[in-house]
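Colleague: Please give me a close look at one thing, the empty space in this model. I'd like to hear what surrounds it, in plain words.

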Amino acid sequence: MKTEHEIKMWTPFTMLMCGLMGIGGLILLVRLFKGLGAVTNLNDRFPWGLWIGIDVLGGVAMAAGGFLIAGAVYILNMKKYRPIVRASILNAFFGYLLAATAITLDIGLPWNIWHPIFMWQIHSIMWVVAIHVVLYTTTLATESSPMFFEKFGMEKAANFIHKIIVPVVLFGVLLSTLHQSSLGAVYLIAVGKLSPLWYNSQFPWLFLISAVMMGLSMVSFETILSEKFFGHKADISILSGLARGVLITGVIYFAAKLWFLISGPGIAAAFNGSMEANMYLLEMVISVVGPVILLSMKSVRENVKSLLFVDVLVISGVLLNRLNVSIFGVYRDQAATGFSYFPTWMEFVVTLAFISFSIVGFKVCVKYLRVFPETETPH
């Protein structure tokens with residue numbers, strides 16, 4: 001593991017990301033003062049666009065690794081994964097910060113974002129999503145806090161968190177499981193609007209199982225890159241274990257998607273040459289078929305470069321799924337009313353700024369905090 005002084009902060013890539021963050025910040029100021037219409041192409045028929053599809057739906061799915069690894073280590077006592085538990089939780093924390101910020105900026109009146117905390121609407125799935133974001137972001141901050149307490153010598157505070165970590169993690173697992181599925185439940189109201197290639201009554205658990213795939217791949221991805229850039233040794237036994245998890249969930253997810261395709265619109269619908277059919281096939285090949293075939297080979301599961309390639313496939317494929325559900329799957333129905341949507345350059349820049357913030361934030365934490373401790377104090 002590289003020391004604090006060996007990790008270079010101001011590399012050209014880091015400066016590029018800081019530049020994107022600066023431009024994105026200026027765009028967000030324009031959005032706050034002049035409204036969504038000044039920086040986005042959203043309209044009454046397309047009220048949700050790139051920021052919801054990537055930053056919220058995608059960001060939350062990428063954060064799934066946090067509750068999976070934390071649950072495995074602190075609840076199931078799977079000690080093998082302890083070296084990556086802090087990094088996984090930290091990555092999830094940044095993912096939820098991204099989602100919370102995107103939700104705040106995407107609603108018409110951002111300064112009313114506090115309403116769900118005090119104005120409970122327990123029969124509203126949107127309220128469920130909002131309160132889960134608030135509660136789980138707070139939980140992730142609690143799980144991550146020992147790193148900060150250790151940095152500033154607050155040993156009593158760190159020890160207190162260690163003592164209560166199991167119930168905190170258990171609460172986090174419950175929250176994240178519900179939140180991943182509730183994001184899918186939001187789209188249950190899109191019956192007749194969303195293409196039958198994606199719409200079905202089992203949206204909640206399909207969103208959950210695909211988030212598990214992406215979360216495990218994201219943890220593997222960041223672990224491999226941490227070895228390259230931060231000198232943290234990527235234990236092949238850990239990476240292989242994560243790969244087996246992706247393989248198992250991938251098989252389950254593929255079986256479910258195939259069943260819903262056959263029992264729903266039919267296999268022919270996926271090969272009719274339409275835009276929806278092509279996007280569906282592309283999604284399935286990238287996120288499920290390709291990774292399952294590759295991970296079924298032991299040689300792939302034990303090769304770091306091969307695993308990195310599979311991780312990129314899964315992450316890209318699940319992100320494409322979220323875009324298919326939020327944009328491409330409803331495009332034909334909405335466009336029939338005379339409306340269309342394609343993100344402005346500013347929407348793309350803001351999304352890149354959010355991602356850059358997560359990467360730079362993670363790098364700062366690795367440089368100054370014990371994100372990858374060589375030894376763990378028994379809890």
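Modeller: A helix here is a DSSP run of H or I with at least four residues, numbered from the N terminus. This is a predicted model, where local features need pLDDT of at least 70 and side-chain atom pairs 80 or more, while totals for linings use all residues. Residues are numbered from 1 along each chain, and side-chain values use heavy atoms, without hydrogens or water.

Let's start with the open spaces. A pocket is an open set of points on a 1 Å grid over the protein atoms alone, with protein on both sides within 12 Å along at least five of seven lines, and its lining residues have an atom within 4 Å of a point. The largest pocket holds about 980 Å³, counted as the space filled by probe spheres set on points joined across faces, edges and corners. Its lining has 34 residues, with Phe13, Phe221, Leu225, Ile355 and Ile359 nearest the centre. Helix 13 (345-368) gives the largest share, eight residues. Helices 1 (12-34), 2 (50-62), 4, 8 and 12 also chip in with at least two residues each. By class, 21 lining residues are nonpolar, eight polar and five charged; Ala, Val, Leu, Ile, Met, Phe, Trp, Tyr, Cys and Pro count as nonpolar, Asp, Glu, Lys and Arg as charged, and the rest as polar.

Next up, the second largest pocket has a volume of about 670 Å³. Of its 30 lining residues, Ile103, Ile107, Ile113, Met126 and Ala130 are closest to the centre. Helix 6 gives the most here, seven residues, and helices 2, 4, 5 (115-118) and 7 each add at least two. This lining has 23 nonpolar residues, six polar and one charged.

Now for the closed spaces. In a cavity, a 1.4 Å probe fits but cannot get out. The whole structure has three cavities of 30 Å³ or more, and the largest contains about 100 Å³. Tyr74, Arg86, Ile89, Glu143 and Pro146 are the closest to its centre among 11 lining residues. Helix 6 turns up again with the largest share, four residues, while helix 4 (85-106) and helix 7 (155-186) supply at least two each.

The second largest cavity comes to about 60 Å³, and its lining includes Trp198, Phe203, Tyr253 and Arg322. This time helix 8 (203-230) has the largest share, four residues, and helices 9 (236-263) and 12 (304-335) each bring at least two. Six of the lining residues are nonpolar, two polar and two charged.
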